[in-house]
Amino acid sequence: MIILKTPEEIAVMAEASRVVAEALEIVRRETRAGVTTDDLDRIAEEAIRSRGAVPAFKGYRSYPKTLCASVNDQVVHGIPSKRKLKDGDIIGLDLGAIVGGFYGDSAVTVAVGRVDEKVARLIRVTKEALDLGIEQAIVGKRLTDISHAVQRHVEAAGYSVVTEFVGHGIGRQLHEEPQVPNYGKPGHGPRLQPGMVLAIEPMVNMGGSAVRVLDDRWTAVTADGCLSAHFEHTVAIQPAGPARVLSQRVGDAAERHA
Ligand code: MF3
Ligand code: CO
């Protein structure tokens, strides 16, 4: 069952998502060579708690940290550690926060220092795939219109989408129905309705789509060791017009042209 949210509930989700957006912005600014992913986790937790919110991932199915920090061939759910970032790495930063019983969830992938143009392109295409998915999140469209738009863009660029992990509905639970796959034929699944709130999150591999999970039971890595990127926004379907991106970051335009 898809739980529709009232405008009042969406206002609370916008608060949770704004906290996530601000925390991501802060963590992104601190992301540089020499910093450990544990350092970024501490910064993320402080940013969320100082805004009166609660980290959503810490303790979720025993996940130990606030931040998911996925470096290079890590696809998602990288656990922060003493690992030091190096010039030329890329890192997916994924955060969730709870405000008033509602969740917000968002992720970005950023370059550490200078990266190859080939690597920058992977990040750019993944972000574009998210934006194209969000463009389809319009009342009257169907769920897999989002999925298809993501897959089409990714594959046209010569990359592959991860199929083992998907986006999701979000509300009083981090993961609600429906699942939001990053692949599929258009025109299937539930019709999009005002009050639906979705976390759309393309995961894009430079090589093959296969992933495996490390012995820590969380970190998903590409099977072939190639790089992977991830972006995510929490968006609300509107009564008319484009979706409202609840987790929009203020610096997003600059990010895109960076
Ligand atoms: N954004 C991810 C998701 O939606 C983060 C979950 S990490 C977890 O699944 F630890 F909370 F599972
Ligand atoms: Co998510």
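## Strand pairing and backbone details in a predicted model

Strands β6 and β10 (residues 203-205) run antiparallel to each other and are held in register by two bridges. Across this pairing, Val 161 faces Val 204 of β10. This is a predicted model, and the β6-β10 pair is a handy place to start reading it. The two strands belong to an open sheet of three strands, ordered β6-β10-β13, with antiparallel pairing. At its edges sit β6 (160-161) and β13 (228-230), each of which pairs on one side only.

Stepping back to the whole chain, the secondary structure adds up to five helices and 15 strands. The radius of gyration is 17 Å, close to the 18 Å given by the globule rule for 258 residues, so the chain is as compact as a globular protein of that length. Along the principal axes, the C-alpha atoms fit in a box of roughly 45 × 40 × 35 Å. Buried residues make up 53% of the 258 in the chain. As for contacts between residues at least 6 apart in sequence, 70% of them link residues at least 24 apart. The accessible surface is about 11100 Å², and carbon and sulfur atoms account for 52% of that. The chain carries 31 positive and 33 negative charges, and the mean positions of the two sets lie 1 Å apart.

Another open sheet has five strands, and here the order is β8-β7-β9-β14-β15, again with antiparallel pairing. Its edges are taken by β8 (176-180) and β15 (244-245), each with a single partner strand, so each has one side without a neighbour in the sheet. Strands of a sheet pair through backbone hydrogen bonds, in either a parallel or an antiparallel sense. Inside this sheet, β9 (residues 197-200) and β14 (residues 233-236) run antiparallel and are joined by four bridges. One residue pair to look at here is Ile 200, whose bridge partner in β14 is His 233.

At the β8 end of the sheet, β7 (residues 167-169) meets β8 through three bridges, once more antiparallel. His 168 is placed opposite Gln 179 of β8. The two strands make a hairpin, with six residues between them. Strand β8 also contains Pro 178, and the peptide bond joining Glu 177 to this proline is cis, with omega about 0°. Most peptide bonds are trans, and most residues other than glycine have a negative phi. The Glu 177-Pro 178 bond is thus one to check by eye in the edge strand.

Further on from β8, the loop between β8 and β9 holds Gly 187. With a relative accessibility of 38%, Gly 187 counts as partly exposed. Gly 187 has contacts with Arg 142, Thr 144 and Asp 145, leaving aside residues up to four places away in sequence. Ser 147 is 40 residues from Gly 187 in sequence, yet the C-alpha atoms of the two are 9.8 Å apart.

Earlier in the chain, strand β2 (residues 68-71) is buried on both faces: Cys 68 and Ser 70 point one way, Ala 69 and Val 71 the other, and all are buried. Four bridges connect β2 to β4 (residues 90-99), and the two strands run antiparallel. Within that pairing, Val 71 has Ile 91 of β4 as its bridge partner.

The loops around β3 bring in a pair of backbone oddities. Asn 72 lies in the loop between β2 and β3 (74-76) and has a positive phi, near 55°, although this residue is not a glycine. Is Asn 72 buried or exposed? Its relative accessibility is 15%, so Asn 72 counts as buried. His 77, in the loop between β3 and β4, also has a positive phi, near 65°, and is likewise a residue other than glycine. At a relative accessible area of 22%, His 77 is partly exposed. The cut-off for buried is under 20% relative accessible area, so Asn 72 at 15% falls on the buried side, while His 77 at 22% is partly exposed.

Terms used:
Residues numbered from 1 in each chain as written. Chains lettered and ligands numbered in written order. Predicted model: local features only at pLDDT ≥ 70, side-chain atom pairs only at ≥ 80, totals over all residues. Heavy atoms only, no water. Rg over C-alpha atoms; globule rule 2.2 N^0.38 Å. Buried < 20%, exposed > 50% of the residue type's maximum accessible area, 1.4 Å probe, protein only. Contact = heavy atoms within 4.5 Å. Areas by Shrake-Rupley, 256 points an atom, 1.4 Å probe, with all protein chains shown as cover. Lys, Arg positive; Asp, Glu negative; His and termini not counted. Charge placed at Lys NZ, Arg CZ, Asp CG, Glu CD. Pairing = 2+ DSSP bridges.
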